[in-house]
Amino acid sequence: MFKISLLITLLSTLLFAELRHVEASEDVVKSGIKIIDIRTLPEWKETGLVANAIPITFFDEQGRYDAESFIKELDKHVSKDKEFALICRTGNRTSAVSELLSKQGYKVVNLKGGMKSLMSKGYAPEPYKP
């Protein structure tokens, strides 16, 4: 019985989890999708943020992370049943974090290329305001 229950749990997680990889663009920003910026405070200060993005650091400046704390903070801003996007500097961090979140049942969009790509296309971020 335990094996059947475990199998059902795993299958339901896979069925309801969604992950899309989309090129970071102004169209995505203007689409109204909620965007979570997982970069660090110095990065937010340096380049600013996408309009209306929610800054929640995943990796600190030394590359350490606390996934449980991140998810606790994330859950204050998004729900598992509604799609949202992740952005970082180049898309490397969001690629890993979006995989993790997808396995946790979130509907997540990884913005490939990140802020670097978005800004290279002429997007002007808003200054970071603590």
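This is a chat about the sheet and two loop residues of a predicted model.

User: What order do the five strands take in the sheet?

Analyst: The order is 1-5-4-2-3, in an open sheet with parallel pairing.

User: And which strands sit at the edges?

Analyst: Strand 1 (18–23) and strand 3 (54–55), each of which pairs on one side only.

User: How many bridges join strand 1 to strand 5?

Analyst: Six, and the two strands run parallel. Strand 5 covers residues 107–112. Within this pair, Arg-20 stands opposite Val-109.

User: What stands opposite Val-109 from strand 4?

Analyst: Ala-85 does. Strand 4 and strand 5 run parallel and are joined by three bridges. Between them the chain passes from strand 4 through helix 5 (residues 92–103) to strand 5, a β-α-β crossover that is right-handed.

User: Which way do the residues of strand 4 point?

Analyst: Phe-84 and Leu-86 point one way, Ala-85 and Ile-87 the other. All of them are buried.

User: How many bridges pair strand 2 with strand 4?

Analyst: Four, in the parallel sense, with strand 2 spanning residues 34–37. Leu-86 of strand 4 has Ile-36 opposite.

User: Switching to loops. Where does Asn-52 lie?

Analyst: In the loop between helix 3 (41–47) and strand 3. Its phi is near 70 degrees, a positive value in a residue other than glycine.

User: Is Asn-52 buried or exposed?

Analyst: Asn-52 has a relative accessible area of 70%, so it counts as exposed, the cut-off being over 50%.

User: And Asp-60, where is that?

Analyst: Asp-60 lies on the other side of strand 3, in the loop between that strand and helix 4 (67–74).

User: Why does Asp-60 count as partly exposed?

Analyst: Because its relative accessibility is 26%, and partly exposed covers values between the buried limit of under 20% and the exposed limit of over 50%.

User: What does the side chain of Asp-60 have by it?

Analyst: The backbone nitrogen of Gln-62 lies 2.8 Å from a polar atom of that side chain.

User: How far apart are Asp-60 and Leu-41?

Analyst: In space, 8.8 Å from C-alpha to C-alpha; in sequence, 19 residues.

Technical notes. Residues numbered from 1 in each chain as written. Predicted model: local features only at pLDDT ≥ 70, side-chain atom pairs only at ≥ 80, totals over all residues. Heavy atoms only, no water. Pairing = 2+ DSSP bridges. Buried < 20%, exposed > 50% of the residue type's maximum accessible area, 1.4 Å probe, protein only. Polar contact = N/O pair within 3.5 Å; in protein donor to acceptor, adjacent residues only side chain to side chain. Right-handed = clockwise from strand over helix to strand, strands pointing away.
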